[in-house]
Amino acid sequence: MLKYINLFQSLTIKFVIVMMALVILSSTLEVAWTVFNYMLTAPFFFIGLDRLLDIFSLFFLIIIGIGLLETIKMIIVESSMNVDFIILVGVTAIIRRVMIIDLQNTDPLFLVGMGVLTVALAATYYLINSSEKEFKCTLNYDNEK
């Protein structure tokens, strides 16, 4: 039974990798299309601040997708996940969200929450990297009966 569960898990992870790769490719093509459209409309070769924030937001989405793809690849190759890498993906997602916040129309409590979340993730990353230990979540199914 365990053999079938491992096969199902392996096939599911490979399917997720294919889907993530398609999403990243599609997002990259969308960023290229958006940049070219913005540069070819008047005023030529100038991108406004609102458009620039949209483009950077799309770039960060691609970076987050690549980080998730790397995490999935780590699961397959090493049967483990590096905790610090996952935290970095979370920090990147928070930075993306902070970049697109409209400060005039955003609830101050939301801004406080984002600040607390950013500090917590940064402190966690610092503590993990400053310690001499290696933090990995190991996926070991061979010992299960």
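**View 1. Helix α1 passes helix α2 in a left-handed crossing.** In this predicted model, α1 covers residues 2-40 and packs against α2 at an angle of about 160°. The two axes lie 10 Å apart. Angles over 145 degrees count as roughly antiparallel, and that makes α1 roughly antiparallel to α2. If you sort the residues of this contact by character, you will find 19 nonpolar, four polar and four charged.

**View 2. Helix α2 meets helix α3, again with a left-handed crossing.** Here α2 (residues 49-78) and α3 (residues 83-99) have axes that come within 9 Å and cross at roughly 165°. These two helices are therefore roughly antiparallel to each other.

**View 3. A look at the side of α2 that meets α3.** From α2, the residues taking part include Leu53, Phe56, Phe60, Leu61, Ile63 and Ile64, with Gly67, Leu68 and Met74 also among them. On the α3 side, look for Phe85, Ile86, Val89, Ala93, Ile95 and Met99, among others. The contact of α2 with α3 divides into 14 nonpolar residues, four polar and two charged. Glu70 of α2 and Arg96 of α3 are both part of this meeting, as are Thr71 of α2 and Thr92 of α3.

**View 4. Close-up of Ser57 in helix α2.** Is Ser57 buried or exposed? Ser57 has a relative accessible area of 8% and is buried, since buried means under 20%. Setting aside neighbours within four places in sequence, Ser57 is in contact with Arg96 and Ile100. Ser57 also appears among the α2 residues that meet α3.

How values were computed: Residues are numbered from 1 along each chain as its sequence is written. This is a predicted model: local features need pLDDT of at least 70, side-chain atom pairs count only at pLDDT 80 or more; totals for chains, interfaces and linings use all residues. Side-chain values use heavy atoms; hydrogens and water are left out. Axes are lines fitted to C-alpha atoms, for helices over the stretch in contact, and angles run from 0 to 180 degrees between N-to-C directions. Helices (H or I, at least four residues) and strands (E, at least two) are DSSP runs, numbered from the N terminus. Angles under 35 degrees count as roughly parallel, over 145 as roughly antiparallel, 65 to 115 as roughly perpendicular and the rest as oblique. A crossing is left-handed if the near helix is turned anticlockwise from the far one by less than a right angle, and right-handed if clockwise. Contact means heavy atoms within 4.5 Å. Ala, Val, Leu, Ile, Met, Phe, Trp, Tyr, Cys and Pro count as nonpolar, Asp, Glu, Lys and Arg as charged, and the others, Gly among them, as polar. Buried means under 20% relative accessible area, exposed over 50%, partly exposed in between (1.4 Å probe, protein chains only).
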